[in-house]
Amino acid sequence: MSHYVFDNSAEETGSRFNALETTYDPASRAALARTGVGAGWTCLEIGGGGGSLGRWLAETVGPTGQVSVTDVEPQWMDSRERPENVQLLQHDIAHDSLPEHEFDLIHARLVLVHVPERRQVLPRLVQALHPGGWLVLEEFDCGWIPVLTAPSSAATDLFTRVHAGLMRLMESSGGDPLWGRKVVQAMADAGLEQMSTTVFAQAWSGQSAGIDLHRANTEQLRDELLAAGLSEQELCAFWDLLQNPAFAVTSYPLLSAAGKRCAA
């Protein structure tokens, strides 16, 4: 299995999935709906996380459709009731094979951003589509998250410093914090057509559901951040800042890119 900076077996994973689902699921459902997904479609949901989008797809394709949901650590989805038309698989998209010409729709949210082999994976995803099938990739651009309001300039500096440490850890594991701004070109280079892209962002204020993502991520990587030079005092001050209603930061922009495999 690949080594990702965020271990899905960690205690904080549930909080991370909850923050992602609460904040980004409406945008993801809209991106998927624009493909025309409906009754009878065969879908692949890569990196199914907490399972919310897999369940939505299962409802959308109905009993005549099929949804395969994969993850490197799929036990989180096992903890909830699974629809009959959902197949749950342990699968590492970086190294494990995929069937060819199998799916009407393939979707992955915040997966390839963590996969060093992301550009090598793309052609395999295209090959796994039926001719005329859709690939929808949703990725963060972590390079644009300005602080909007803060109780002090020191608070802004603290957030920037801790977040920069988190991004360095992500890069050291092979992730690309700027992958979101590159994914559309990469999909076009892989031969997809009828490309379309939307961008979703909002303000996250202290105590909001979205800002809990920063807490879950930094709590999970606490030891690594300390080893990289941050202090316990700085991390505690950072977590306190996330609970301050006077603080607000732009969410990670989510780029939802869709492309269609040539029907010929």
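Hi everyone, let's start with a strand pairing: serine 196 has alanine 258 in β10 as its bridge partner. Before I go on, please keep in mind that this is a predicted model.

Serine 196 brings us to the strands around β10. Strand β7, residues 193-200, is joined to β10 by 6 bridges, and the two run antiparallel. β10 also pairs with β5, again in the antiparallel sense, over 7 bridges. Within that pairing, leucine 135 is matched with glycine 259 of β10. How many of the residues in β10 are buried? The strand spans residues 254-260, and 6 of its 7 residues are buried, which leaves it mostly covered.

Now to the nonpolar cores. The largest one holds 56 residues, and the members touching the most other members are Leu112, Leu125 and Tyr252. Helix α5, residues 153-172, supplies the largest share of this core, with 8 residues. There is also a second, separate core of 16 residues, with Trp41, Cys43, Ala58 and Leu88 among them. Coming back to tyrosine 252, what does its side of the story look like once we leave aside neighbours within four places in sequence? Its contacts include the aromatic residues Tyr24, Phe140, Phe200 and Trp204. Tyrosine 252 is also in contact with His163 and His214, and with Leu166, Met167 and Leu213, among others.

Next, charges. Searching the whole structure turns up 7 salt bridges. One of them joins the side chains of arginine 109 and aspartate 25, with N to O at 2.8 Å. This pair links distant parts of the chain, since arginine 109 sits in strand β4 (residues 103-109) and aspartate 25 in helix α1 (residues 13-33), 84 residues apart. Are these two buried or exposed? Both arginine 109 and aspartate 25 are buried.

Another salt bridge connects aspartate 141 and arginine 181, at 2.7 Å from N to O. Aspartate 141 is in the loop between β5 and β6, and arginine 181 is in the loop between α5 and α6, so the pair ties together parts that are 40 residues apart in sequence. The two ends sit in different classes of exposure: aspartate 141 is buried, at a relative accessible area of 9%, while arginine 181 is partly exposed, at 49%.

Then there is a pair within a helix. Glutamate 219 and arginine 215 form a salt bridge, with their closest N and O atoms 2.8 Å apart. Both belong to helix α7, residues 212-220, and they are 4 residues apart, about one turn of the helix. Glutamate 219 is partly exposed, with a relative accessible area of 28%, and arginine 215 is partly exposed too, at 27%. Salt bridges also form a network, which links Arg222, Asp223 and Glu232.

I'll finish with glutamate 45, in strand β1, residues 42-46. Which side chain of opposite charge is nearest to glutamate 45? That is arginine 109, 6.3 Å away, and glutamate 45 is buried yet has no salt bridge. The cut-off for a salt bridge here is 4 Å. What glutamate 45 does have is a polar contact of 2.7 Å between its side chain and that of histidine 107. Setting aside residues up to four places away in sequence, glutamate 45 touches His107 along with Leu53, Gly54, Leu57, Ser68, Val69 and Thr70.

That's my tour, thanks for listening!

Note on methods
Residues are numbered from 1 along each chain as its sequence is written. This is a predicted model: local features need pLDDT of at least 70, side-chain atom pairs count only at pLDDT 80 or more; totals for chains, interfaces and linings use all residues. Side-chain values use heavy atoms; hydrogens and water are left out. Buried means under 20% relative accessible area, exposed over 50%, partly exposed in between (1.4 Å probe, protein chains only). Lys and Arg count as positive and Asp and Glu as negative; His and the chain ends are not counted. A polar contact is a pair of N or O atoms within 3.5 Å; within protein, one must be able to donate a hydrogen and the other to accept it, and residues adjacent in sequence count only if both atoms are side-chain atoms. Contact means heavy atoms within 4.5 Å. A nonpolar core is a set of buried Ala, Val, Leu, Ile, Met, Phe, Trp, Tyr and Cys residues joined through side-chain atoms within 4.5 Å. Two strands pair if DSSP finds at least two bridges between them.
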